[in-house]
Amino acid sequence: MSLRATLTATEPDIDRLANPGDGYSDRVCTPDETFHRVRPCLAAFGVTRVARHTGLDKIGIPVWCAYTPNSQSIVVAQGKGRTDAEARASAVMEALERAVAGEPDVEVVVETPDNLRASGRAYDSLGALIAAGWDDIPPDEAIEWAGGTDLISGHEVLVPLEAVLLDRTRPSRFWMSSDGLASGNTMPEAILHGLLERVERDAHVLWRVSGEEARHRACVAPEDLDDPALDALIGRIEAAELELRLFDITSDTGIPCLLALLGPRGTATAGNLRFVEVTSGCGAHPSAVRAAIRAVTEAAQSRLTYIGGARDDVYPETFSRPLPESTRRAFLATPRPMTTPVAHTVTPVEELLSYTISCVKKAGVRSVIAVTLSRDDLPFAVVKVLVPDLESPDGERARRFGSRALSRAISS
């Protein structure tokens, strides 16, 4: 389905959204099928090894890694899931999307903002993503632009090429991040996951800038979600003598977003924990259960990041940092009843995407820009999703917060 056709898909009702119990409601094929589709491409994109890391931790929630020694960003890509198949597919797809984003297949336009405006071509300079220490793009400076599609208006929008690249071997005027970078078996699938990541990051920022009382009020009981797959994950955590706190951080988009904090038993009263002993994970999805599963599995993946010590973007000082007091105090939060709707029926990827776009639009988002980065002849798709009106995660940017975070901080 084309991006324009995706925009005109029938918007599903919230009560018909997918139940994650089937495992594939937001994918067009199973994880095993995905892996075998892309496996012939791995060597060409620099992936030399795929490994199971699950056994390095005592929880047993599956975590896999894919290694790309000559990567232009990070060497180790990780994936998590309820099964080995899910975690393996997740790891290789992350490795592939990073490899593609290092050398994207995009047509480039070299022009100044002034000339683009004069010619009537739509563009977004993405000022919120300018890197720390850099100035905004001058109106008379010619730069490289890549074409994207605004999924709200359906029109082409040019964005700075540097804003979609993930190549840490070169300097960039823009904050270089994988935020909104996603892959999928099809383009709508990739866009859905890129957009959900942007929704998740925005919701997390809004939760973090809120006052402590508001943050703690978001604590919910996982059993309220009444899902066997989620219960099984929590059972593993409890058997490993760890403690979970789950927070419903859903924002005004209405798309369920959950945050999981995972630490040793007694974290709330401990006084000497290190930063690496409590990990977190977030997940956003039209199904609250699916969002919770993503959050919990990501928190488990983060534990293995520190246990394995193989990620080249985790530095030695990380292991000696003390646990922030605000994180410890989050374990004092008392779970409240879950109020975010829990959806239950399988819905096609295209309808989930259409629904997600409509939700962010109702929240005041003016544009959702999808930039296709992969070649058409590949058995997978890679996209960079840019949503300038949503907040971005921590990073070395000239502007740390946008209007949404500033408004939330003031009102809290």
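With which residue does Arg290 form a salt bridge? In this predicted model, the partner of Arg290 is Asp26, and the closest N and O atoms of the two side chains are 3.5 Å apart. The pair joins distant parts of the chain, since Arg290 belongs to helix 8 whereas Asp26 sits in the loop between helix 1 (3-7) and helix 2 (31-38), a separation of 264 residues. Both ends of this link are withdrawn from the surface: Arg290 is buried, with a relative accessible area of 10%, and Asp26 is likewise buried, with a value of 0%.

The helix that carries Arg290 was examined further. Helix 8 spans residues 288-308, and its 21 residues reach 30 Å from the first C-alpha to the last, which is close to the 30 Å expected at 1.5 Å a residue. Of these 21 residues, 18 are buried, so helix 8 is largely enclosed by the rest of the structure. Just after the helix, Gly309 adopts a positive phi of about 65 degrees. Helix 8 packs with helix 7 (residues 228-239) at an angle of about 20 degrees, the two axes lying 10 Å apart; because angles under 35 degrees count as roughly parallel, helix 7 and helix 8 are described as roughly parallel to each other. The crossing of helix 7 past helix 8 is left-handed. Helix 7 contributes Ala229, Leu230, Leu233 and Ile237 to the contact, and helix 8 contributes Ala292, Ile293, Val296 and Thr297.

A comparable description applies to helix 3, which runs over residues 84-102. Its 19 residues cover 27 Å from first to last C-alpha, close to the 27 Å expected at 1.5 Å a residue. Since 16 of the 19 residues are buried, helix 3 is largely enclosed by the rest of the structure.

The pair formed by Arg290 and Asp26 belongs to a structure that holds 30 salt bridges. In another of these, Asp136 is paired with Arg399, with the closest N and O atoms 2.7 Å apart. This pair, too, links distant parts of the chain: Asp136 is placed in the loop between helix 4 (113-119) and strand 5 (143-150), and Arg399 in the loop between strand 13 (381-386) and helix 11 (403-411), 263 residues apart. Unlike the buried Arg290, Asp136 counts as partly exposed, at 37% relative accessibility, and Arg399 also counts as partly exposed, at 36%.

The side chains of Asp179 and Arg198 meet in a further salt bridge, at 3.0 Å from N to O. Asp179 is located in the loop between strand 6 (156-160) and strand 7 (181-184), while Arg198 is part of helix 5 (residues 187-209), so the pair ties together parts that are 19 residues apart in sequence. Asp179 and Arg198 are both buried. The interaction forms part of a network of salt bridges in which Asp179, Glu197, Arg198, Glu200 and Arg201 are linked.

Helix 5, which contains Arg198, also takes part in helix packing. The axes of helix 5 and helix 11 come within 8 Å and cross at roughly 25 degrees, and the two helices are therefore roughly parallel to each other. Helix 5 passes helix 11 in a right-handed crossing, in contrast to the left-handed crossing of helix 7 and helix 8. On the side of helix 5 the contact is made by Asp202, Val205, Leu206, Trp207 and Val209, and on the side of helix 11 by Arg404, Ala405, Arg408 and Ala409.

Two buried residues in and after strand 10 were also considered. Leu261 lies in strand 10 and is buried, with a relative accessible area of 8%. When neighbours within four places in sequence are left aside, Leu261 is in contact with Glu243, Leu244, Arg245, Phe247, Thr279, Ser280, Ala330 and Phe331. Leu261 and Ile191 are separated by 70 residues in sequence and by 27 Å in space, C-alpha to C-alpha. Thr267 is found in the loop between strand 10 (257-264) and strand 11 (279-284), where this residue is buried, with a relative accessible area of 0%. Residues up to four places away in sequence not being counted, Thr267 touches Glu243, Leu273, Val278, Leu323, Arg328 and Phe331. Glu243 and Phe331 thus appear among the contacts of both Leu261 and Thr267.

Technical notes: Residues numbered from 1 in each chain as written. Predicted model: local features only at pLDDT ≥ 70, side-chain atom pairs only at ≥ 80, totals over all residues. Heavy atoms only, no water. Helix = DSSP H or I, 4+ residues; strand = E, 2+ residues; numbered from the N terminus. Expected span 1.5 Å × (residues − 1). Buried < 20%, exposed > 50% of the residue type's maximum accessible area, 1.4 Å probe, protein only. Salt bridge = Lys/Arg side-chain N within 4 Å of Asp/Glu carboxyl O. Axes fitted to C-alpha atoms, helices over the stretch in contact; angles between N-to-C directions. Parallel < 35°, antiparallel > 145°, perpendicular 65-115°, else oblique. Left-handed = near helix turned anticlockwise from the far one by under 90°. Contact = heavy atoms within 4.5 Å.
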